[in-house]
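Student: I would like to go through this structure with you. Could you show it before we begin?

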Number of protein chains: 2
Amino acid sequence: MGATKTDHFTNKQNELATLTKALGHPARVAIIDYLLKVNTCICGDIVNELPLAQPTVSQHLKELKNAGLIKGEIEGNSICYCIDEKTFAKLQHFFANISTRIEKKKNNCC
Amino acid sequence: MGATKTDHFTNKQNELATLTKALGHPARVAIIDYLLKVNTCICGDIVNELPLAQPTVSQHLKELKNAGLIKGEIEGNSICYCIDEKTFAKLQHFFANISTRIEKKKNNCC
DNA sequence: AATCTTTATCGTAATATTGCAATATTAAAT
DNA sequence: ATTTAATATTGCAATATTACGATAAAGATT
């Protein structure tokens with residue numbers, strides 16, 4: 001097997017899983033970190049920042065883009081990647097909501 | 001290959017990646033959802049809630065536990081699993097922090 | 001003690017992910 | 001028109017993940 005049974009779960013569950021899965025690799029976290037650090041939108045030097053080969057970085061960027069965590073716009077012969085604010089806002093709400101739900105039932109168990 | 005180069009990234013990056021990776025599967029999100037829904041700490045009926053076989057659920061629980069997202073205490077011949085509040089608080093801070101950083105540089109790019 | 005209940009582990013098959021060299025693509029620069 | 005620079009794609013090997021049947025382990029029940 002190895003194939004996830006996505007159809008058995010709710011849309012919200014699948015959405016959160018997709019987003020967190022996309023972030024679930026240190027290289028991809030590092031890319032997000034870098035995009036947050038540089039003040040202007042970066043245009044290509046992520047490869048130099050990471051200890052990974054160019055095709056590998058390109059693949060990670062693709063995954064982040066597919067998940068909607070970053071956007072990429074062609075700019076000349078390079079590409080301008082940047083954070084997709086809306087998606088991160090959504091993630092923040094997910095976790096804020098979870099924390100609220102946790103708060104409500106404090107000390108009810110272990 | 002297929003082996004992640006964790007040693008090339010910062011502790012924070014690896015930590016966030018580990019936590020999000022652990023959440024990066026709809027079954028594991030569903031488990032967390034269920035633990036948040038039931039008011040008392042659950043003691044075993046997660047298997048009935050999920051469209052997955054018992055060994056598969058057990059494996060997902062193990063991963064959530066390894067990542068520190070849930071705790072499990074033996075209680076009679078069953079086990080009481082519940083949310084680890086501290087870890088979720090940490091996750092919330094991670095994303096709140098990211099959102100703050102995004103806010104600071106709004107409209108600087110794409 | 002024998003049985004039941006609950007959870008974990010083992011073994012294994014199917015699939016997915018990670019990483020990179022080689023190559024392709026595309027636009028800018030010469 | 002060639003060359004250069006930046007990024008993407010392809011193909012492939014190594015490893016990891018997902019899922020489950022079979023079985024084990026351990027406390028509860030009879």
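Tutor: The conversation below covers the relation of the two chains, their contact, the helix packing and the strands.

Student: Before that, what are the ground rules for the model and the names?

Tutor: This is a predicted model, in which local features need pLDDT of at least 70 and side-chain atom pairs count only at pLDDT 80 or more, while totals for chains, interfaces and linings use all residues. Residues are numbered from 1 along each chain as its sequence is written, and chains are lettered from A and ligands numbered from 1 in the order in which they are written.

Student: What rotation superposes chain B on chain A?

Tutor: Chain B falls on chain A after a rotation of 180° with 0.0 Å of shift along the axis, at an RMSD of 0.0 Å. The two copies are therefore related as by a two-fold rotation axis. The superposition is by least squares on the C-alpha atoms of residues with pLDDT of at least 70 in both copies. The same surface serves both copies, since 100% of the contact residues of chain B recur in chain A.

Student: How many residues does the contact take from each chain?

Tutor: It takes 43 residues from chain B and 43 residues from chain A. Two residues are in contact if their C-beta atoms, placed from the backbone, lie within 7 Å.

Student: Which elements of chain B supply at least two residues each?

Tutor: They are α1 (11-23), α2 (26-37), β1 (70-75), β2 (78-83) and α5 (85-104) of chain B. α5(B) gives the most to the side that touches chain A, with 11 residues. Helices (H or I, at least four residues) and strands (E, at least two) are DSSP runs, numbered from the N terminus.

Student: And how do the residues on that side of chain B divide?

Tutor: The side of chain B that touches chain A has 22 nonpolar, 13 polar and eight charged residues. Here Ala, Val, Leu, Ile, Met, Phe, Trp, Tyr, Cys and Pro count as nonpolar, Asp, Glu, Lys and Arg as charged, and the others, Gly among them, as polar.

Student: On to the helices. At what angle do α1(A) and α1(B) cross?

Tutor: They cross at roughly 150°, and their axes come within 7 Å. That makes α1(A) roughly antiparallel to α1(B). Axes are lines fitted to C-alpha atoms, for helices over the stretch in contact, and angles run from 0 to 180 degrees between N-to-C directions. Angles under 35 degrees count as roughly parallel, over 145 as roughly antiparallel, 65 to 115 as roughly perpendicular and the rest as oblique.

Student: Which residues of α1(A) and α1(B) meet?

Tutor: A17(A), T20(A), K21(A) and L23(A) meet A17(B), T20(B), K21(B) and L23(B). The residues of this contact comprise four nonpolar, two polar and two charged.

Student: How does α1(A) lie against α2(B)?

Tutor: Their axes come within 8 Å and cross at roughly 120°, which means that α1(A) is oblique to α2(B). Q13(A), N14(A), L16(A) and A17(A) of α1(A) make the contact with P26(B), V29(B), A30(B) and D33(B) of α2(B). Of these residues, five are nonpolar, two polar and one charged.

Student: Within chain B, how do α2(B) and α4(B) pack?

Tutor: The two helices pack at an angle of about 75°, with their axes 10 Å apart, so α2(B) is roughly perpendicular to α4(B). A27(B), R28(B) and I31(B) in α2(B) meet H60(B), L61(B), E63(B) and L64(B) in α4(B).

Student: Changing topic, how many bridges join β1(B) to β2(B)?

Tutor: Six bridges join these strands, which run antiparallel. Two strands pair if DSSP finds at least two bridges between them. G72(B) stands opposite Y81(B), and E75(B) stands opposite S78(B).

Student: What is in the turn of that hairpin in chain B?

Tutor: Two residues lie between β1(B) and β2(B), and G76(B) in the turn has a positive phi of about 70°. In chain A, β1(A) and β2(A) also form a hairpin with two residues between them, and G76(A) has a positive phi of about 70°.
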